[in-house]
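Here is a quick tour of one chain, written for someone who likes cut-offs stated up front. Have the structure open and follow along.

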Amino acid sequence: MTLVLVTRKGCSLCEDALAHLRSLGHQPELADVDADDRLHDLYDWRVPVVLVDDRVVAEGRITLEQLSRAVGKGV
């Protein structure tokens, strides 16, 4: 499973999503929406966005419960 968190600097919702993922035992790849034109075009106003195998599983105000259902517990 490839797990990516699309984020941006200074985004408190992004920090929350990362904390939730880490609490579930996941260490996602971080992708800065402002550093990649493709990501910016797709997700600019949607961050944070959690992608599993390139599929959006959560975005915006992401809860621990959402992520638990979408990605489960990591190792």
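## Two aspartates with positive phi

D54 is exposed, because its relative accessible area is 67% (buried means under 20% relative accessible area, exposed over 50%, and partly exposed in between, with a 1.4 Å probe and protein chains only). This aspartate lies in the loop between β3 and β4; helices (H or I, at least four residues) and strands (E, at least two) are DSSP runs, numbered from the N terminus. D54 also has a positive phi of about 70°, although it is not a glycine. Before going on, a word on the basis: this is a predicted model, where local features need pLDDT of at least 70 and side-chain atom pairs count only at pLDDT 80 or more, while totals for chains, interfaces and linings use all residues. Residues are numbered from 1 along each chain as its sequence is written, and side-chain values use heavy atoms, with hydrogens and water left out.

D53 sits in the loop between β3 and β4 (55-59) too. Its phi is positive as well, about 50°, and D53 is not a glycine either. At 49% relative accessibility, D53 counts as partly exposed. Most residues other than glycine have a negative phi, and most peptide bonds are trans.

## A cis peptide bond

Which peptide bond is cis? The one from V47 to P48, with omega near -5°. P48 belongs to the loop between α2 and β3.

## D44 and its partners

The loop between α2 (37-43) and β3 (49-52) also holds D44. Is D44 buried or exposed? D44 has a relative accessible area of 13%, so it is buried.

The side chain of D44 makes polar contacts, meaning pairs of N or O atoms within 3.5 Å; within protein, one must be able to donate a hydrogen and the other to accept it, and residues adjacent in sequence count only if both atoms are side-chain atoms. One goes to the side chain of R8, at 2.6 Å. Another reaches the side chain of W45, at 3.0 Å. If you leave out residues up to four places away in sequence, D44 touches R8, V33, D34 and L39 (contact means heavy atoms within 4.5 Å).

## Q27, out in another loop

Now hop over to Q27, found in the loop between α1 (12-23) and β2 (29-32). Q27 counts as exposed, because its relative accessibility is 54%. The Q27 side chain has a polar contact of 3.0 Å with the side chain of R22.

How far apart in space are Q27 and D44, C-alpha to C-alpha? They are 22 Å apart, with their positions 17 residues apart in sequence numbering.

## Inside the strands

T7 is part of strand β1 (residues 3-7). With 15% relative accessibility, T7 counts as buried. Not counting residues up to four places away in sequence, T7 touches C14, A31, D32, V33 and V47.

L51 lies in strand β3 and is buried, with a relative accessible area of 6%. Here is a long-range pair: L51 and V4 are 47 residues apart in sequence, yet their C-alpha atoms are 5.1 Å apart in space. With the same four-place exclusion, L51 touches T2, L3, V4, V6, Y43 and V56.

## The whole chain

Zooming out, the chain has three helices and four strands, and from the N terminus on they run β-α-β-α-β-β-α. The radius of gyration is 11 Å, close to the 11 Å that the globule rule gives for 75 residues, so the chain is as compact as a globular protein of that length. That radius is taken over C-alpha atoms, and the rule is 2.2 Å times the number of residues to the power 0.38. Along its principal axes, the C-alpha trace spans about 30 × 25 × 15 Å. Among contacts between residues at least 6 apart in sequence, 62% join residues at least 24 apart.

Of the 75 residues, 40% count as buried. The chain exposes about 4,700 Å², with carbon and sulfur atoms supplying 48% of it (Shrake-Rupley method with a 1.4 Å probe; for residues, only the protein chains shown count as cover). As for charge, there are 9 positive and 13 negative side chains, and the centres of the two sets lie 6 Å apart. Lys and Arg count as positive and Asp and Glu as negative, while His and the chain ends are not counted; each charge is placed at NZ of Lys, CZ of Arg, CG of Asp or CD of Glu.
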